[in-house]
Amino acid sequence: MENLMEKLVSLCKRRGFIYPGSEIYGGLRGTWDYGPLGAELKFNIKEEWWKTMVKDRDDVFGISAAIIMSPKVWEASGHTQSFADPLVECKLCHQRLRADQKEQIEEHEKQHSKDKEKVEWTEPKRFNLLVEAKLGVVEGEKNITYLRGEITQGVHVNFKNILNSTRAKIPFGIAQIGKAFRNEITPGNFTYRSIEFEQMELQYYVRPDEKESMKQYDFWKKVRMDWYKNLGIKKENLRFREHTKDELAHYARAAWDIEYKTPFNWKECEGIHHRGDWDLSRHQQYSGQDMSYFDVDPPAGGKEKFIPWVIETSGGVDRAALFFLIDAYHEEKDRVILKLHPKLAPHKVAVFPLLANKPKLVKKAQEIYADLKKEFSVAWDDRGNIGKRYFSQDEIGTPYCITIDFNTLENDDVTVRDRDTMKQNRIKIKELKNYIQKQING
Ligand code: ATP
């Protein structure tokens with residue numbers, strides 16, 4: 001397992017999934033560039049997320065907020081407060097605690113000692129996790145702003161806009177996918193902890209009611225766990241973990257992480273948090289704007305005005321991509337396979353003419369390739385022998401390979417070879433699109 005990460009990092013670079021950021025200049029720690037296959041994988045993850053969380057639902061609205069926001073947002077969210085308090089960071093799990101909170105520090109050490117791990121702390125420092133950006137053209141008069149440290153706040157500051165521009169009625173959610181930036185002290189484990197990454201989040205607004213909000217909380221916990229399982233992550237590699245007391249944000253009413261069993265231990269993949277009325281109340285306080293919801297049809301009758309509570313699901317696109325890749329990596333005697341779910345695979349199909357030097361075969365194969373490309377992401381390969389081409393597609397997770405041979409010219413059918421079982425089926429060309437579509441959608 002240890003060298004699985006080494007093999008994966010090397011495969012990712014060699015085949016064009018993920019490259020080190022700014023590599024020709026010696027790299028920039030904690031940054032990564034996605035190549036042609038990695039960009040497709042990430043795009044597919046985001047598309048699947050958007051489908052489950054926004055498109056398939058009537059009660060969730062998708063937005064795309066600005067990365068740079070008023071610095072006041074970060075005062076309200078409490079992010080800039082942490083610059084003031086010296087913090088220590090646990091070198092094992094990177095959690096930061098206030099250096100003066102001895103009880104929480106002891107509790108944290110106790111938690112790790114259960115797993116026979118000994119905590120080492122960094123020196124107390126004033127951390128500024130937010131990446132600063134200066135706006136303005138005149139030197140000396142520039143205003144300090146920040147690149148957002150989480151995409152969450154872009155949603156909450158638009159709560160009223162969504163209410164006023166849609167027909168949203170509580171309970172409802174606002175979803176977003178986008179980049180976030182953090183000055184991580186110790187980036188590492190490939191893309192797991194980066195300084196620039198993408199998040200996919202839902203903020204779901206509910207009535208301020210204990211029972212109702214916990215029902216929604218449990219519902220979203222299940223939706224999120226099922227999402228990973230339905231996209232092929234093995235059940236035994238996923239678990240829920242409840243936040244310990246010292247991890248729990250002071251405003252959080254409940255917090256569980258979905259964790260994935262990586263070669264470098266169980267690691268957070270996504271957090272499901274019950275944030276109470278923290279965000280909207282703080283924005284109300286700091287902006288002076290009314291952030292309440294006017295309920296004209298509450299269960300008890302009459303009319304009610306309240307600050308809604310928030311259930312948040314907060315996942316990372318890059319982390320999901322990494323965990324999907326780790327989980328998909330398989331070695332067999334003479335091949336490496338990425339058993340990615342067909343919905344996530346960068347290419348759904350590869351098309352091969354049996355022989356590259358037979359114009360009739362190549363022409364037919366090109367026709368099929370062009371036709372399939374209208375619907376799917378398709379690879380073309382006419383190099384070497386068929387065995388090598390299969391090997392090459394297995395390694396990047398292409399679920400189906402289609403070979404055009406001499407029988408194709410006679411019978412209008414092709415060989416479709418399955419990545420995982422290596423079984424080959426003869427399929428009529430006119431049925432090909434339907435066949436592949438069916439296989440992908442299971
Ligand atoms: P961690 O404890 O690992 O630092 P966190 O608890 O600070 O994570 P959240 O603030 O809850 O993370 O962010 C939500 C999600 O965003 C995480 O579950 C993860 O998928 C992703 N994420 C957070 N920080 C990073 C990072 N530095 N690199 C890549 N993804 C990240």
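Reader: How many residues has helix α7, and how far does it reach from its first C-alpha to its last?

Author: This is a predicted model. To read a helix, count its residues and compare its reach with the span expected at 1.5 Å a residue. Helix α7, residues 210-230, has 21 residues. From first C-alpha to last it reaches 30 Å, close to the 30 Å expected.

Reader: Which residues of α7 are buried?

Author: Burial is a matter of crowding: a residue is buried if 20 or more other C-beta atoms lie within 10 Å of its own. In α7 the buried residues are S213, Q216, Y217, R224, M225, W227 and Y228. They cover an arc of only 165 degrees around the axis, so they sit on the same side of α7.

Reader: Which exposed residues does the face turned away from the buried side carry?

Author: That face of α7 carries K211, K222, D226 and K229, which are exposed.

Reader: What covers the buried residues of α7?

Author: Look for the elements in contact with them. The cover includes one helix, α2, and the strands β10 (196-206), β11 (238-242), β12 (254-262), β13 (265-276) and β16 (309-316).

Reader: What follows α7?

Author: Check the backbone angles there. G232 follows α7, and its phi is positive, near 100 degrees.

Reader: How does helix α4 compare with its expected span?

Author: Use the rule of 1.5 Å a residue again. Helix α4, residues 102-114, has 13 residues and should span 18 Å. Its end C-alpha atoms are 19 Å apart, which agrees. After α4 comes K116, with a positive phi near 60 degrees.

Reader: What is the strand order in the open sheet of three strands?

Author: Read a sheet by asking who pairs with whom. Here the order is β4-β8-β7, and the pairing is antiparallel. The edge strands are β4 (68-69) and β7 (131-135), since each pairs on one side only. Two bridges join β4 to β8, residues 143-147. In β4, I68 stands opposite L147 of β8.

Reader: Into which domains is the chain divided?

Author: A domain may be made of separate stretches of chain, as domain 1 is: 2-69 plus 147-328. Domain 2 is 347-441. Their C-alpha centres lie 37 Å apart.

Reader: How many residues of each domain are in contact?

Author: Five of domain 1 are in contact with four of domain 2. On the domain 1 side, α1 (2-15) and α2 (36-55) each supply at least two residues. By class, that side has three nonpolar, no polar and two charged residues.

Methods: Residues numbered from 1 in each chain as written. Predicted model: local features only at pLDDT ≥ 70, side-chain atom pairs only at ≥ 80, totals over all residues. Domains from an automatic or database assignment. Contact = placed C-beta atoms within 7 Å. Helix = DSSP H or I, 4+ residues; strand = E, 2+ residues; numbered from the N terminus. Nonpolar A, V, L, I, M, F, W, Y, C, P; charged D, E, K, R; others polar. Pairing = 2+ DSSP bridges. Expected span 1.5 Å × (residues − 1). Buried ≥ 20, exposed ≤ 12 C-beta atoms within 10 Å, placed from the backbone. Arc of directions from axis to C-beta.
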